[in-house]
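Me: Please take me through the model below, one question at a time. Short answers are fine.

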Amino acid sequence: MSTAETRDYSGLAKLFHWLMAAIIVVAWLVGYYGGAMLHYGVSDQETAEKIWAITLHKSIATTTLFLIVGRLIWRAYRRPPALVDMPPIMKHLTHLGHAALYLLMIAVPLSGWANSSSAGYSIPVAGLFTIPGLGPKNPELTPYLVSAHWFLSWALAITVLGHFLFALKHHFLDKDSTLRSMMPSRSA
Ligand code: HEM
């Protein structure tokens, strides 16, 4: 096996990576639009639009709950390639960043699921079926869970942005194979 091949992620790992990246970006933008731009009770039109946007948001975002399980199982079965050569401190920071991404990819949809459950709303998945609430309806908890979801979704956005900028740094400044190893190719 050549060095280029050993540095490549498997085809399924790439599929999970890019599919989840696309879903997270779209879910984030639709969630932001529904959560921050529209407000219940301001006007009938805004309330209807908010319900529509948040329903769409949930339907898209809940798919990540299933994808992350598949992704972690696949990652345990097929270990990712070793990092490119870099100082030990950068390796530690890279592993820390990846761990933060995984934790947030679990915590963000779970906190959204919890806030919808506490409010007693339905939780659609890809417009195909619904999943049950995480616990009994408890509207007193909803504002806290909405705040937790808001905070975690911003933490995810900042971590994803950092991840993206580091990928660009590897590609354009360090000129190494990091970004290419996650790109679609025949060697997967
Ligand atoms: C990839 C996963 C997810 C991302 C990136 C994400 C992101 C966001 C963002 C950015 C907001 C706007 C927050 C604000 O400004 O108020 C939001 C709101 C919301 N999200 Fe999510 N979310 C995700 C998963 C979920 C899931 C799985 C559910 C429910 C099953 C959910 C339910 C909600 C609800 C109900 C709101 C509106 C909160 C409000 O009343 O303002 N989210 N989400």
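**Salt bridges, iron and surface**

Me: Which residue forms a salt bridge with D8?
Reply: A salt bridge is a side-chain nitrogen of Lys or Arg within 4 Å of a carboxyl oxygen of Asp or Glu. For D8 and its partner, the closest N and O atoms are 3.2 Å apart. The partner of D8 is K14.

Me: What kind of model is this, and from which number are residues counted?
Reply: This is a predicted model: local features need pLDDT of at least 70, side-chain atom pairs count only at pLDDT 80 or more, and totals for chains, interfaces and linings use all residues. Side-chain values use heavy atoms, with hydrogens and water left out, and along each chain, as its sequence is written, residues are numbered from 1.

Me: Are D8 and K14 buried or exposed?
Reply: Buried means under 20% relative accessible area, exposed means over 50%, and partly exposed lies in between (1.4 Å probe, protein chains only). Both residues of this salt bridge fall in one class. D8 and K14 are buried.

Me: How many salt bridges does the structure hold?
Reply: Besides D8 and K14, K169 pairs with D174, the closest N and O atoms being 2.9 Å apart. K169 is partly exposed because its relative accessibility is 32%. D174 has a relative accessible area of 36%, so D174 is partly exposed too. The count of salt bridges is two.

Me: What is the pattern of helices and strands along the sequence?
Reply: Helices (H or I, at least four residues) and strands (E, at least two) are DSSP runs, numbered from the N terminus. The protein has six helices and two strands. Read along the sequence, they follow α-α-α-α-α-β-β-α.

Me: Which residues coordinate the iron atom of the ligand?
Reply: Donors are N, O and S atoms within 2.8 Å of the metal (3.2 Å for Na, K and Ca). Water is not among the atoms, so sites may look incomplete. Each protein donor here is an NE2 atom, at 2.0 Å. The residues are H57 and H149.

Me: How many residues apart in sequence are the parts tied together by H57 and H149?
Reply: H57 lies in helix α3 (residues 44-61). H149 lies in helix α6 (residues 142-174). The pair therefore ties together parts whose separation in sequence is 92 residues.

Me: What is the arrangement of the donor atoms around the iron?
Reply: Six donors count as octahedral if opposite donors are over 155 degrees apart and all others between 65 and 115. Around this iron, six donor atoms subtend angles of 88 to 179°. That is why the arrangement is octahedral.

Me: Is H149 buried or exposed?
Reply: Contact means heavy atoms within 4.5 Å. Leaving out residues up to four places away in sequence, H149 touches H57, V108, S111, G112 and N115. Its relative accessibility is 16%, so H149 counts as buried.

Me: Which helix gives the most to the nonpolar patch?
Reply: Patches are made of residues with over 30% relative accessible area and no salt bridge; like charges are joined within 9 Å, and nonpolar side chains (Val, Leu, Ile, Met, Phe, Trp, Tyr) within 5 Å. Y32, Y33, M37, W150, F151, W154 and I158 make a nonpolar surface patch of about 760 Å². Two elements give two or more residues to the patch: α2 (11-37) and α6. The helix that gives the most, with four residues, is α6.

Me: What share of the accessible surface belongs to carbon and sulfur atoms?
Reply: Accessible areas come from the Shrake-Rupley method with a 1.4 Å probe; for residues, only the protein chains shown count as cover. The protein's accessible surface comes to about 11800 Å². The carbon and sulfur share is 72%.

Me: Which residue in the loop between β1 and β2 has a positive phi?
Reply: The loop runs between β1 (123-125) and β2 (129-131). The residue is partly exposed because its relative accessible area is 42%. Its phi is about 50° although it is not a glycine. The residue is A126.

Me: What is the phi of K175?
Reply: K175 is found in the segment after α6. K175 has a relative accessible area of 64%, so it is exposed. It is not a glycine, yet its phi is positive, at about 55°.

Technical notes: Four donors count as tetrahedral if all angles lie between 85 and 135 degrees; four count as square planar and six as octahedral if opposite donors are over 155 degrees apart and all others between 65 and 115; anything else is irregular.
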